[in-house]
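Colleague: I would like to learn how to read a structure of this kind. Could we go through it feature by feature?

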Amino acid sequence: MSGRATAKAWHPGARRRLTLRAYGWSYPLSVRAAVVTCLLVVAALAVGVVSLGSGDYPLSPAEVVRTLTGEGGAAGQFVIMRLRLPRLLTALGVGAALAVGGAVLQTVTRNALGSPDIIGLDRGAATGALIGILVLGGGSWAVSGSAMAGGALALVAIYLLAFRGGLRGARFVLVGVCVAAMLGAVNAYLITRANLWAANQAATWLVGSVAGSRWAHVAAIWAACAVVLPVLAALASRLRLLEMGDEVATGLGVRVERTRLVALVCGVGLTCVAIATAGPILFVALTAPQLARRLTGAAGPPVWASAAMGALLMAVSDLAAQRLFGVAQLPTGVVTGAIGGGYLLWMLGRKRVTAA
């Protein structure tokens with residue numbers, strides 16, 4: 001195969017797909033998923049332009065674009081490049097990372113509730129961060145490192161407790177819920193034993209927010225996305241087979257436990273970096289992959305569509321948190337919690353009605 005990329009139709013008459021080929025590498029791409037992903041990216045960018053232009057120093061969309069291209073005034077350059085753009089880019093990256101992490105975990109567990117904020121990974125990261133804040137008294141980077149370590153240890157504990165000659169999705173979710181409950185008790189104990197100032201700092205972190213984001217946060221979250229997202233996209237076809245059951249996947253040549261473990265490490269790694277960057281933002285990991293599946297009609301984990309949907313949800317939620325409540329800006333996690341909680345109630349009610 002030459003180095004030139006090619007594309008050809010796949011399964012005409014069924015769901016339209018393209019197969020992209022370059023340098024001996026091929027990737028099947030759903031036309032519908034590609035269109036949906038592009039539209040979600042455009043929507044996220046549009047919301048981003050509105051977010052960059054709103055605030056005490058308002059700018060029109062044209063002025064925002066001129067400022068981003070280096071043609072704006074000094075005041076606009078300072079407001080956007082120093083204050084607003086790092087927050088927006090952090091929100092987009094955190095949303096994408098959480099959504100893809102949720103998509104991977106939901107696929108591995110074959111359960112729509114198998115997301116990081118349900119099975120306890122965010123509680124584990126929160127425990128690590130609380131230890132960093134309340135016990136170790138570390139700075140922002142020490143807290144971030146503690147949060148990542150806490151999330152990783154929570155995954156190891158859940159995996160070992162749920163593994164019985166193989167990993168079953170229902171057991172994994174139930175064990176995760178139990179671990180989350182215990183870690184929630186630990187977190188409450190740590191906060192009650194802290195002094196007032198430290199407890200307020202910890203409570204603020206636990207809500208989740210991208211306020212005060214700096215370019216270092218942008219670099220961290222987008223570097224993680226750049227490394228992990230292509231790996232998960234390459235695993236998407238095998239993860240799609242895993243959703244058909246372990247026996248079927250094994251019969252089709254998939255190394256089930258190896259694929260599942262690699263996917264878990266990648267998904268949880270993204271999740272932990274996102275939580276370490278912005279705190280435990282609720283329900284993005286649960287909601288975004290399900291919305292992406294509904295829009296794309298994907299049979300497996302829609303990695304790129306989930307990332308775009310998560311970025312859009314975070315951008316909308318952060319804009320709402322900043323502008324909808326007057327001078328009192330809310331943490332982003334409050335808005336995502338309200339959106340995700342409503343979606344969860346709708347999903348459970350729809351399942352109940354369907355079952356009836």
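Modeller: We will go from the overall make-up to helices, a helix contact, the cores and a few backbone angles. Keep in mind that this is a predicted model.

Colleague: How many helices and strands does the protein have?

Modeller: There are 14 helices and 3 strands in the protein. Of its 356 residues, 49% are buried. Among contacts between residues at least 6 apart in sequence, 69% join residues at least 24 apart.

Colleague: How do I check the span of a helix, for instance helix 1?

Modeller: Use a rise of 1.5 Å a residue and compare the result with the distance between the end C-alpha atoms. Helix 1 covers residues 31-53, and its 23 residues should therefore span 33 Å. The end C-alpha atoms of helix 1 are 33 Å apart, which agrees. Helix 6, residues 140-162, can be treated likewise: 23 residues should span 33 Å, and its ends are 33 Å apart.

Colleague: Which residues of these two helices are buried?

Modeller: In helix 1 the buried residues include Ala33, Val36, Leu40, Ala44 and Val47. Gly48, Ser51, Leu52 and Gly53 of helix 1 are also among the buried ones. In helix 6, the buried residues include Val143, Ala147, Gly150, Gly151, Ala154, Leu155, Ile158 and Tyr159.

Colleague: How do helix 2 and helix 3 cross?

Modeller: The angle between two axes describes a crossing. For helix 2 (residues 61-68) and helix 3 (residues 74-109), the axes come within 10 Å and cross at roughly 85°. An angle of 65 to 115 degrees counts as roughly perpendicular, so helix 2 and helix 3 are roughly perpendicular to each other.

Colleague: Which residues meet there?

Modeller: Val64, Thr67 and Leu68 in helix 2 meet Gly76, Gln77, Ile80, Met81 and Leu85 in helix 3. The residues of this contact divide into 5 nonpolar, 3 polar and no charged. Threonine 67 has 3% relative accessibility and therefore counts as buried. Leaving aside neighbours within four places in sequence, threonine 67 is in contact with Gly72, Gly76, Gln77 and Ile80.

Colleague: What should I know about nonpolar cores?

Modeller: In soluble globular proteins, nonpolar side chains tend to be buried together. Here the largest nonpolar core has 80 residues, of which Phe172, Leu232 and Leu270 touch the most other members. Helix 3 gives the largest share of this core, 14 residues. Apart from this core lies another, of 5 residues, among them Phe283, Leu286, Tyr343 and Met347.

Colleague: What is leucine 270 in contact with, leaving aside its neighbours within four places in sequence?

Modeller: The contacts of leucine 270 beyond those neighbours are Ala97, Val100, Ala224, Cys225, Val228, Leu229 and Leu232.

Colleague: Where does phi take a positive value?

Modeller: One case is glycine 55, just after helix 1, with a positive phi of about 135°. Arginine 110 is not a glycine, yet its phi is positive at about 55°. Arginine 110 sits in the loop between helix 3 and helix 4 (116-119). Phenylalanine 283 is another residue other than glycine with a positive phi, near 75°. The loop between helix 11 (256-278) and helix 12 (284-296) holds phenylalanine 283.

Colleague: Are arginine 110 and phenylalanine 283 buried or exposed?

Modeller: Buried means under 20% relative accessible area. Phenylalanine 283 has 18%, so this residue is buried. Arginine 110, with a relative accessible area of 41%, is partly exposed.

Terms used:
Residues are numbered from 1 along each chain as its sequence is written. This is a predicted model: local features need pLDDT of at least 70, side-chain atom pairs count only at pLDDT 80 or more; totals for chains, interfaces and linings use all residues. Side-chain values use heavy atoms; hydrogens and water are left out. Axes are lines fitted to C-alpha atoms, for helices over the stretch in contact, and angles run from 0 to 180 degrees between N-to-C directions. Helices (H or I, at least four residues) and strands (E, at least two) are DSSP runs, numbered from the N terminus. Angles under 35 degrees count as roughly parallel, over 145 as roughly antiparallel, 65 to 115 as roughly perpendicular and the rest as oblique. Contact means heavy atoms within 4.5 Å. Ala, Val, Leu, Ile, Met, Phe, Trp, Tyr, Cys and Pro count as nonpolar, Asp, Glu, Lys and Arg as charged, and the others, Gly among them, as polar. The expected span of a helix is 1.5 Å times one less than its number of residues. Buried means under 20% relative accessible area, exposed over 50%, partly exposed in between (1.4 Å probe, protein chains only). A nonpolar core is a set of buried Ala, Val, Leu, Ile, Met, Phe, Trp, Tyr and Cys residues joined through side-chain atoms within 4.5 Å.
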